[in-house]
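Me: Hey, got a moment to go through a model with me? I'll paste it here and then fire off some questions.

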Amino acid sequence: PGALARYYHWMPFGDGPSGAIPMEYVLRTGVSFAILGVAAHVSTRLTGIPKLVGALAQESLTVYYLHLCLVYGSIWSFGIQQVIGGPVLGLAASFGVAGVVALLMVGVALYWNWCKHARPRLALGFKVAAAIWAAIWLY
């Protein structure tokens, strides 16, 4: 498809060698489909949802938001990207940082899920404190 698109001068992603089909996106899509296939295969063998998976599913938006703030920064703080100065890590260091971020996010998801179910008043206090903190910093 890339050669055909190049032949007809259809370059939706800009000029250059990967203008017709950016291989980075194709690679990410392929890896995502592979992970999805493994998850679908494993899910046929499960009789119930493990607690870890259920907690991560319930807190996925929180985890997504926090990981964006941690990796890319926010209006309140720098992220890992600003601290290290861009994409300068090697492969091993990148996997190490990704592993630490993943473990942190799993820990946050489990704690927040436990907090909401076992201690709802404490969870409400966290929510109110976060809202007040955000309002102060935004104004």
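Me: Let's start with N113. Which element is N113 found in?
Reply: N113 sits in helix α6. Keep in mind as we go that this is a predicted model.

Me: Is N113 buried or exposed?
Reply: N113 is buried, because its relative accessible area is 12% and the cut-off for buried is under 20%.

Me: What does N113 touch, leaving out residues up to four places away in sequence?
Reply: With those left out, N113 touches A55, Q58 and E59. With E59 there is also a side-chain polar contact, at 3.1 Å.

Me: OK, E59 then. Where is E59 found?
Reply: E59 is in the loop between α3, which covers 51-58, and α4, which covers 60-72.

Me: And is E59 buried or exposed?
Reply: E59 counts as buried, since its relative accessibility is 2%.

Me: Which residues does E59 touch, again not counting those up to four places away in sequence?
Reply: E59 touches A109, W112, N113 and K116 on that count. The side chains of E59 and K116 are joined by a polar contact of 3.0 Å.

Me: What else do E59 and K116 form?
Reply: E59 and K116 form a salt bridge, and their closest N and O atoms are 3.0 Å apart. The pair links distant parts of the chain, with E59 in the loop between α3 and α4 and K116 in helix α6, 57 residues apart.

Me: How many salt bridges does the count come to?
Reply: The count comes to 1 salt bridge.

Me: How does K116 compare for burial? What does K116 count as?
Reply: K116 counts as partly exposed, because its relative accessibility is 30%. Its partner E59, on the other hand, is buried at 2%.

Me: Nice. Switching to aromatics: how many aromatic pairs does a search of the whole structure find?
Reply: That search finds 3 aromatic pairs. In one pair, Y111 and W114, the ring centres are 5.7 Å apart and the planes are at 35 degrees, so the pair is tilted.

Me: Why give two values for a pair of rings?
Reply: A pair of aromatic rings is described by both the distance of the centres and the angle of the planes.

Me: Fair enough. Why are Y111 and W114 separated by about one helical turn?
Reply: Because Y111 and W114 are 3 residues apart in helix α6, which runs over residues 91-118.

Me: How accessible are those two? What does Y111 count as, and what about W114?
Reply: Y111 counts as partly exposed, at 40% relative accessibility. W114 is also partly exposed, with a value of 40%.

Me: Which residues form the aromatic cluster?
Reply: Y111, W112, W114 and F126 form one aromatic cluster. You met W112 earlier, among the residues that E59 touches.

Me: Moving on to L122. Where is L122 found, and in which residue range?
Reply: L122 is in helix α7, which spans residues 120-138. L122 is partly exposed, with a relative accessible area of 37%.

Me: What does L122 touch, with residues up to four places away in sequence not counted?
Reply: L122 touches Y111 and C115. So Y111 comes up again, because Y111 is also the ring tilted against W114.

Me: Now the surface. Which residues make the nonpolar surface patch?
Reply: F78, V83, I84, V88, L89 and V97 make that patch, with an area of about 560 Å².

Me: Tell me about V83. Where does V83 lie?
Reply: V83 lies in helix α5, residues 80-84. V83 is exposed because its relative accessible area is 63%, and the cut-off for exposed is over 50%.

Me: How many residues apart in sequence are V83 and G73, and how far apart in space?
Reply: V83 and G73 are 10 residues apart in sequence and 9.4 Å apart in space, C-alpha to C-alpha.

Me: Last bit, the big picture. How many helices and strands does the chain have?
Reply: The chain has 7 helices and 0 strands, and its pattern along the sequence reads α-α-α-α-α-α-α.

Me: And what percentage of the residues in the chain is buried?
Reply: Buried residues make up 14% of the 139 residues. The accessible surface of the chain comes to about 10900 Å², and 73% of that belongs to carbon and sulfur atoms.

Me: What share of the contacts with a separation of 6 or more comes from residues 24 or more positions apart?
Reply: Those residues account for 41% of such contacts in the chain.

Notes: Residues numbered from 1 in each chain as written. Predicted model: local features only at pLDDT ≥ 70, side-chain atom pairs only at ≥ 80, totals over all residues. Heavy atoms only, no water. Helix = DSSP H or I, 4+ residues; strand = E, 2+ residues; numbered from the N terminus. Buried < 20%, exposed > 50% of the residue type's maximum accessible area, 1.4 Å probe, protein only. Polar contact = N/O pair within 3.5 Å; in protein donor to acceptor, adjacent residues only side chain to side chain. Contact = heavy atoms within 4.5 Å. Patch = residues over 30% accessible without salt bridge, like charges linked within 9 Å, V, L, I, M, F, W, Y side chains within 5 Å. Areas by Shrake-Rupley, 256 points an atom, 1.4 Å probe, with all protein chains shown as cover. Salt bridge = Lys/Arg side-chain N within 4 Å of Asp/Glu carboxyl O. Phe/Tyr/Trp six-rings, centres within 6.5 Å; stacked < 30°, edge-to-face > 60°.
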